[in-house]
Amino acid sequence: MTGQVTCPARRSIAALLGASLLCLPLAGCTASAKENASPTTSVTQELSILKSAQNGLYYQPFLRSEPAGPEDNSYAMRIRSALNDHTKVDPNAKTAAFFRSESLASSPLIGREWLAPLTQSGMRGLLTQTDADTVRGMRTKGGWFTEPHSGSPDNTANRAAATAAALEVLQSSGGITLADRNATLPWLARIAASQPGLGQEAADLATSFHLLGAPVPAALAGIQAPTAPDFAGMSEQDRYQALLSAYQYAVIVTAAGRRADLDPSVWGPVLEHNAATLGFQDLYDVVYVAKAAGVPSAAFTGARKRMAADTLPDGTVRDPSAYIGDPESSLYALLLRRLAGESTRDASLAKALQAVAATPEVTGDPLTLLTTTAAWNLASGNGPSASVTRLCRTPTAVPATVTMANAAAWERAELACEADGVQVSAPRVESWPLSGAQQVAAAATLVVGLADDQSHFQPPAWITAQDLRPWAEHPERMPSADYYAMIVRAYLLLGGKADAAIDAAVDSGINPLRHCAQLPNLYQADHTDGCDLVTTWSVWTLKDALGGHAPISTAAPDTTEKK
């Protein structure tokens, strides 16, 4: 066959068995508090988008610059196709290789099916003729396809699912041939004649007929439409099943070239009130159903905005709902809130930190336990605790001797102690030569850490402002804005002057790195990575040291959650 046929998505073979059916809390038709909330410009509000939906902790903002996996991006491409969104997708070779390796590692057949919409969107290096040959090798003598070693039962439903997946891969990697059509159509006709009821099996059969350019038999095309007149009043499980049934029906009648008998007054509000929160696979189902139901174009506005908000510069999408927060990011987020003059009290964050503090990953690492406990004390408002004081006196958490290799770890541990008002003992310092960027950055980190503690600022004599001046004047010599901000701040702490040359260097080296999408006051570590909380902390404290203020606005009312 020639030409491209738009193919609806299917659910994985495992999902057909009920193993991974997700019961989502699909919303009814009431406006949410979020829709009616007034915008603010507080730091607490700005950072709120960095709270993980998975564990309630803050995560690093640079994660928002990384694409979601190939399955999510595959469904995102299907959504764009349904919305007639022609966003250019042009990721680099590294991202394409990641998509391909992750897909094939997940499943030789279903993984390749994920790559099909990405290939149709214009991405290169995902599917080749070799993939087509591999998939044709999965076709049985009976005409259906099967995925080897999948562990799934060999039943009609799984055969139909594998066949629809295989045909979409063939369509996207060279095209479906007459031989492909002749090999599979007789089997499809026999199964369709058995009149399977509404379900994923029937949807997969209809999809396969459509891909092969054959009419969908009346036994399938005549399936009665499901109804959901009181969608908002259903239980979550029933809502999700109603969505699946409507999607399967829409796939069948669309493949048959018929108009779907679905109520737009039901599915329009479902789309409008869930577009911002559903995962990509389920959002695709809702968009597909709403489009088949003839929902007015205005109802798709939320879906378009959602896609735009989660689209990265290369056209791939991210999935903020999948990001996992961590204690260190949570501590730095609280420190930024405090530096902005806002409260660090946060009951939900304190609860999340308390939960993660009991995990082996935290209890088995003294530095991580210190960071977690310090963040919990700030979020709960409990102040210094005996556990933090003890950890701040523990060499495995706060090194007793600072070297070039551990200066960064020592400084972060010292900062966690300082955040809770616990002073650490003055460390022993082993000197190192200031001959390169890494050595100078480590020395500056030591100076800043000693100054932050405030109890014993006695910098080593072998680190001077004169030594740091050449680095402070030339930000291009440093690999990151974090390192550079540390160096300039250390230079000032050691008595260096912020003259015109230093001001100009800071302006050129740091200011262009400010602002990431939805995070206007945060800073990137460099020109290739996304924003970073640690870098932002270093820059904000430098801005304070330069006699100005951290580049933030706290004019809006404090939206801090109270305990």
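**Helices, cores and a few odd backbone angles**

Biologist: Which residue with a positive phi follows α8?
Modeller: Bear in mind that we're looking at a predicted model. The phi in question is near 115 degrees, and the residue that has it comes after α8. That residue is Gly 174.

Biologist: And α8 itself, how many of its residues are buried?
Modeller: Helix α8 covers residues 156–172, and its first and last C-alpha atoms are 24 Å apart, close to the 24 Å expected at 1.5 Å a residue. The helix is mostly covered. Of its 17 residues, the buried ones number 15.

Biologist: Before I trust any of this, what is the mean pLDDT of the protein chain?
Modeller: There are two stretches to watch, since pLDDT stays under 50 over residues 11–25 and also over residues 549–563. Those stretches do have contacts beyond four places in sequence, 36 for residues 11–25 and 48 for residues 549–563. Over the protein chain, 89% of residues reach 70 or more, and the mean is 88.

Biologist: How many helices does the protein chain have?
Modeller: The chain has 563 residues, 52% of which count as buried. Take contacts between residues at least 6 apart in sequence: 73% of them join residues at least 24 apart. As for secondary structure, alongside 4 strands the number of helices is 26.

Biologist: Which helix gives the most to the largest nonpolar core?
Modeller: That core has 87 residues, and Leu 262, Trp 267 and Val 287 have the most contacts inside it. With 12 residues, the helix giving the most to this core is α12.

Biologist: How many residues are in the second, separate core?
Modeller: Staying with Leu 262 for a moment, its contacts beyond four places in sequence include Ala 246, Tyr 249, Trp 267 and Val 289. The second core is separate, and among its residues are Ala 340, Ala 444, Tyr 491 and Val 506. Its residue count is 82.

Biologist: Is Asp 285 buried or exposed?
Modeller: Asp 285 sits in helix α14, residues 280–293. Tyr 75 is 210 residues away from Asp 285 in sequence, yet their C-alpha atoms are 9.4 Å apart in space. The relative accessibility of Asp 285 is 2%, and the cut-off is under 20%, so Asp 285 counts as buried.

Biologist: Which side chain makes a polar contact of 2.6 Å with the side chain of Thr 316?
Modeller: Thr 316 belongs to the loop between α15 and α16, and it counts as buried because its relative accessibility is 0%. Beyond four places in sequence, the residues it touches include Pro 67, Asn 73, Arg 80, Phe 99 and Asp 310. The 2.6 Å polar contact, side chain to side chain, is with Asp 314.

Biologist: Where does Asn 84 lie?
Modeller: Asn 84 has a phi near 55 degrees, a positive value in a residue other than glycine. Its relative accessibility is 54%, so Asn 84 counts as exposed. Its place is the loop between α4 (70–82) and α5 (93–106).

Biologist: What relative accessible area does His 515 have?
Modeller: His 515 is found in strand β3, residues 514–516. Phi is positive here too, near 95 degrees, and the residue is not glycine. His 515 is partly exposed, with a relative accessible area of 46%.

Biologist: Why can α26 be called largely enclosed?
Modeller: For its 13 residues, 1.5 Å a residue gives 18 Å, which agrees with the 18 Å between its end C-alpha atoms. Its buried residues, including Trp 537 and Trp 540, pack against α3, α16, α21, α24, α25 and β4. The helix is largely enclosed by the rest of the structure because, out of 13 residues, the number buried is 11.

Biologist: Which residue has a side-chain oxygen within 3.0 Å of the backbone nitrogen of Val 534?
Modeller: This one is about the two ends of α26. Just after the helix, Gly 547 takes a positive phi of about 95 degrees. At the start of the helix, the side-chain oxygen that reaches the backbone nitrogen of Val 534 belongs to Asp 532.

Technical notes:
Residues numbered from 1 in each chain as written. Predicted model: local features only at pLDDT ≥ 70, side-chain atom pairs only at ≥ 80, totals over all residues. Heavy atoms only, no water. pLDDT = per-residue confidence, 0-100. Contact = heavy atoms within 4.5 Å. Buried < 20%, exposed > 50% of the residue type's maximum accessible area, 1.4 Å probe, protein only. Expected span 1.5 Å × (residues − 1). Polar contact = N/O pair within 3.5 Å; in protein donor to acceptor, adjacent residues only side chain to side chain. Core = buried A, V, L, I, M, F, W, Y, C linked by side-chain atoms within 4.5 Å.
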